[in-house]
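Me: Could you choose one part of this protein and take me through it closely? I'd like to see how the pieces around it fit together.

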Amino acid sequence: MHEKTKYIIKISILIFIMIIATIGVFYNRNNLKTTLDKNDLIIGMELKFPPFETVDSKGNPLGVSVELAKAIGEKLGKKVEIKNIDYSSLIPALQSKNIDLIISSMSITEERLKSIDFSDEYAKSDLALVINNSKTINNFKELNNSKYIIAAKQGTAGSLWVKQNLPKAKLKDFTEVSAAMLDVNNGNSSAFIYDPLSLIEGSKNLSNIKLLLNPLPNVKGWAIGMRKGDERLKYKINEALKSLKEEGFFEKIREKYLKDDVEKYKSYGLDYFF
């Protein structure tokens, strides 16, 4: 066979292979399963926030958010797998598709909405403060000063709130709530921002802090986090939440896990999550 003919045949075969490969890539892209096409849902949460996200004596996921995750899965006809992830890593895990949803007492913020989408709110979410006793602070606005250091849990709504509402103060992020509380008690930080219930519980054995429990402004409620663009999933999740509310799911959960906490909230003149 003539060399030129052989060359043409080789090039033709190569082009054919490339066309087939390209078709395969486009086919796979167009036929990737969406979250709702999967048989199971991987739901991320940080299991360090009882009674919402925690573990039992055997290390199994337990709490309000775990029950909500299972109820959502049941409504969607999916098996649910709970994945324990550090709070600050939840959104990256969602974006990289290591998880399908976030249900981890996560409130809606403008900063988070730049990266992910949220369902409708399913719970009220307040933020409050503990203040070191040496500081004569009676209103959060007084903390907007460069001489004050505000502690927050890394990646939480509190940390984002400080950046947006107290820009002159110095933000000090912690990975553990107990460490942040102790830092304020020792006078290294001026205040710590977190949810009222955790502040009430965490302050019990600390003698050098005071509670400032008036709910802070510009705070939205908890919602389920999901990747942007999946409107079908968002619709189904919102329908499931609506159905659960109508069925009294949250009242049952409150009675099971939160009865004592509701009374504590009432004693401080606060409205509970739901």
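Reply: Happily! Some background first: the protein exposes about 14,800 Å², and carbon and sulfur atoms supply 51% of that area (accessible areas come from the Shrake-Rupley method with a 1.4 Å probe, and for residues only the protein chains shown count as cover). What you see is a predicted model, so local features need pLDDT of at least 70 and side-chain atom pairs count only at pLDDT 80 or more, while totals for chains, interfaces and linings use all residues. Residues are numbered from 1 along each chain as its sequence is written, and side-chain values use heavy atoms, with hydrogens and water left out.

The protein has 10 helices and 12 strands, taken as DSSP runs numbered from the N terminus (helices are H or I, at least four residues; strands are E, at least two). Of its 274 residues, 47% are buried, a word used here for under 20% relative accessible area, with exposed meaning over 50% and partly exposed in between (1.4 Å probe, protein chains only). Contact means heavy atoms within 4.5 Å, and among contacts between residues at least 6 apart in sequence, 68% join residues at least 24 apart.

The part I'd pick is strand S10, residues 191-194. It belongs to an open sheet of 5 strands, ordered S9-S8-S10-S7-S11 with mixed pairing; two strands pair if DSSP finds at least two bridges between them. S9 and S11 stand at the edges with a single partner strand each, so one side of each has no neighbour in the sheet. From one strand to the next, the twist averages 25°.

Now to the two partners of S10. With S7, the pairing is antiparallel over 4 bridges: Leu129 stands opposite Ile193, and Val130 stands opposite Phe192. With S8, the strands run parallel and 3 bridges join them; here Ile150 stands opposite Ala191. Both faces of S10 are covered, with Ala191 and Ile193 buried on one side and Phe192 and Tyr194 buried on the other.

Helix H6 (residues 177-185) lies across S7, S8, S9, S10 and S11, running at about 150° to S10. Such angles run from 0 to 180 degrees between N-to-C directions, with axes being lines fitted to C-alpha atoms, for helices over the stretch in contact. Val177, Ala180, Met181, Asp183, Val184 and Asn185 are the buried residues of H6. Those residues pack against the five strands S7, S8, S9, S10 and S11, and against helix H7 (196-202) as well. After H6 comes Gly187, whose phi is positive, near 85°.

Just past S10, Pro196 has its place in helix H7. At 1% relative accessibility, Pro196 counts as buried. Leaving aside residues up to four places away in sequence, Pro196 touches Asp126, Leu127, Ala128, Leu213, Tyr265 and Leu270. The C-alpha atoms of Pro196 and Pro215 are separated by 8.2 Å, with the two prolines 19 residues apart along the chain.

To put it together, S10 pairs with S7 in the antiparallel sense and runs parallel to S8, with buried residues on both of its faces and H6 lying across the strands.
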